[in-house]
Structure formats: structure tokens, C-alpha cells
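This report walks through one protein model, moving from its pockets to its interior and then to a few single residues. Please keep the sequence and the 3D view open while reading.

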Amino acid sequence: MKIQDCSVVDIIAASILVYNSQGFVKSGYGHFEYDDDGNVIKEIKDNKSMINDMLFSGKTFTDEELKEANELANNINGKMMLKKLTGNLSNFESNVVRSLNETPNNFAVSIIASLPHSISIDKKREKVNDRMSQLKHSSMFFGEKSKRYDINIEILDVKFIQTSNVYMITGVYAGKDLIKFWWRDQPDVSDIITGKIISIRGTVNKHENSRYTGAKETMINRV
């Protein structure tokens, strides 16, 4: 079987099943898990490879799985159509539209493999934006500049800034004050700390109003 012989709906259904099973592993980032003696105990393939394996094995999908895949495709096409009309489609979104509406190829599988993860991120982003809108009315500047503090904060958001290769971490102190800091010391801390209460030690660097929400934010460094 060739990818061109598969339907887009089948590829989407496979992508949902794979994502529900293992989350999202980028193409080329498959790996092995080892026991304490160094023996391979499990191979974790990237999502695109898992989807290809599923399709080439002749996997058939239930009516419910196909219905979910169709709904995902229709929802995305609807959103992309509105953006297309206003000329606001990004390169990735243009590739999504092509992948959902043209004869499938290997590139399309890569794009479709990432869709469940992208949708999950969009939903989390909406929740973060809603919370930020609420906090802009309560957030106050924390601490004194150049003074060091030990505090507990709830991690609201971890955003990777690709141009700088760092993470911007947004937390909430005392349920109301927005605290932000950069993190460079680990590859990806989002799944580890997002939504958690963590203890940090840092120095107040500056107080400023958010350029997006107008909320009072405290930037700390040397975390």
C-alpha cells in the first residue's frame, strides 16, 4: 500500500489514535527506553512512523473513530477558511489546508500527525488567555527590585521562544500576582511543571505592564 492510496480521514483517525496512545513525538525524535542494565525494553517511534505502521498494516477504523476524524477535519477546514478569507493563514496553516484537501503524500502525513497535538495546545492556550484576562484585574507588582525571594508559584504557562532558544515561564503568586522568568537550563520543562505549584528562588528584575493584557507583571531573574 502507498500513502496515496489511503484516505485523508483514515490518516486523521490514525493520528488521533497514536496521539491518544503516546502523546506527540516529533518526526526523527523516536528513541529507545532502557532498563537499569542497559537493555532495550521499549522502542518509542515518532508519531508519523506509528501512523504509517498502522495504515500499512491494513488497520480498519470504527465508525466512531472515523466520525471523530471527520469532525476534526471539518472543524479545522472551517477555521482555516475564515483565516484564508482575511489573508491571515500562516505557512503551517496553508500546509494543513493542502494536507486535508489534496491527495495524501509523506509530507501530508507529517502535518496530519501533528494536528491532535496542535489542537491540544490551542485549547490550553485558550484557557491560559482566559485566566490571564481574569488576573489582569488582580495582579500587583511583587517585591522590591534587586531583592532576592523564595516563593511558591503556580505555573500557568510555559512558552518556547524559538528565536532565543529559551522558555518564558509565567506563574501566579498568592493566586493573583503574575510572575515571569526565562529558563535556559533544560530542553523542555513544560510537561514537568505546567499546572504545578513549584518553589523558586529569584531576584526581582523589573516591574512592568504586559504589552498584551495591560496586567501588572513582575520579571525575576537568576532563578
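## The largest pocket

The residues that line the largest pocket divide into 21 nonpolar, eleven polar and 16 charged. The model in view is a predicted one, and in this model the largest pocket has a volume of about 2300 Å³. Its lining is made up of 48 residues, and those that lie nearest the centre of the pocket are His117, Ser118, Ser120, Ile121 and Asp122.

Several elements contribute to this wall: two or more lining residues come from each of α1 (8–22), α3 (63–85), α4 (91–101), α5 (106–135), β3 (148–161) and α6 (190–193). Among these contributors, α5 gives the most to the lining of the largest pocket, with 15 residues.

## The second largest pocket

The second largest pocket holds about 590 Å³ of space. It is lined by 21 residues, and Lys159, Met168, Lys180, Ser210 and Tyr212 are the ones that lie nearest its centre. When the lining of the second largest pocket is sorted by character, it divides into seven nonpolar, six polar and eight charged residues.

Strands appear repeatedly in the list of elements that each supply at least two residues of this lining, which names β3, β4 (166–173), β5 (177–183), β6 (197–209) and β7 (216–221) together with α5. The largest share of the lining of the second largest pocket, five residues, nevertheless comes from α5.

## The nonpolar cores

The largest nonpolar core has 26 residues, of which Ile12, Ile51, Leu55 and Leu100 touch the most other members. At least two residues of this core come from each of α1, α2, α3, α4 and α5, and the largest share, seven residues, is supplied by α1. A second, separate core consists of 17 residues, including Tyr167, Phe181, Ile193 and Ile220.

A closer look at one member of the largest core helps to show how such contacts arise. If residues up to four places away in sequence are not counted, isoleucine 51 touches Ile11, Ala14, Ser15, Val18, Val109 and Ala113. Helix α4 can be read in a similar way: Glu93, Asn95, Val96, Val97, Ser99 and Leu100 are buried there, and the elements that cover the buried residues of α4 include α1, α3 and α5.

## Two residues compared

Is asparagine 47 buried or exposed? Asparagine 47 is found in helix α2 (residues 47–56), and it counts as buried because its relative accessibility is 0%, while the cut-off for buried is under 20%. A polar atom of the side chain of asparagine 47 lies 2.9 Å from the backbone oxygen of glycine 23. Leaving aside its neighbours within four places in sequence, asparagine 47 is in contact with Val18, Tyr19, Gln22, Gly23, Phe24, Val25 and Ala113.

Serine 110, by comparison, lies in helix α5. Serine 110 has a relative accessible area of 23%, and it is therefore partly exposed, since that class covers values between the 20% limit for buried and the 50% limit for exposed. Which residues does serine 110 touch, not counting those up to four places away in sequence? They are Ser27 and Lys48. Serine 110 can also be placed relative to serine 120, from which it is ten residues away in sequence and 17 Å away in space, C-alpha to C-alpha; serine 120, in turn, is one of the residues that lie nearest the centre of the largest pocket.

Conventions: Residues numbered from 1 in each chain as written. Predicted model: local features only at pLDDT ≥ 70, side-chain atom pairs only at ≥ 80, totals over all residues. Heavy atoms only, no water. 1 Å grid on protein atoms, 1.4 Å probe; cavity = no way out; pocket = protein on both sides within 12 Å on 5 of 7 lines; lining within 4 Å. Points joined across faces, edges and corners; volume = space filled by probe spheres on them. Helix = DSSP H or I, 4+ residues; strand = E, 2+ residues; numbered from the N terminus. Nonpolar A, V, L, I, M, F, W, Y, C, P; charged D, E, K, R; others polar. Buried < 20%, exposed > 50% of the residue type's maximum accessible area, 1.4 Å probe, protein only. Polar contact = N/O pair within 3.5 Å; in protein donor to acceptor, adjacent residues only side chain to side chain. Contact = heavy atoms within 4.5 Å. Core = buried A, V, L, I, M, F, W, Y, C linked by side-chain atoms within 4.5 Å.
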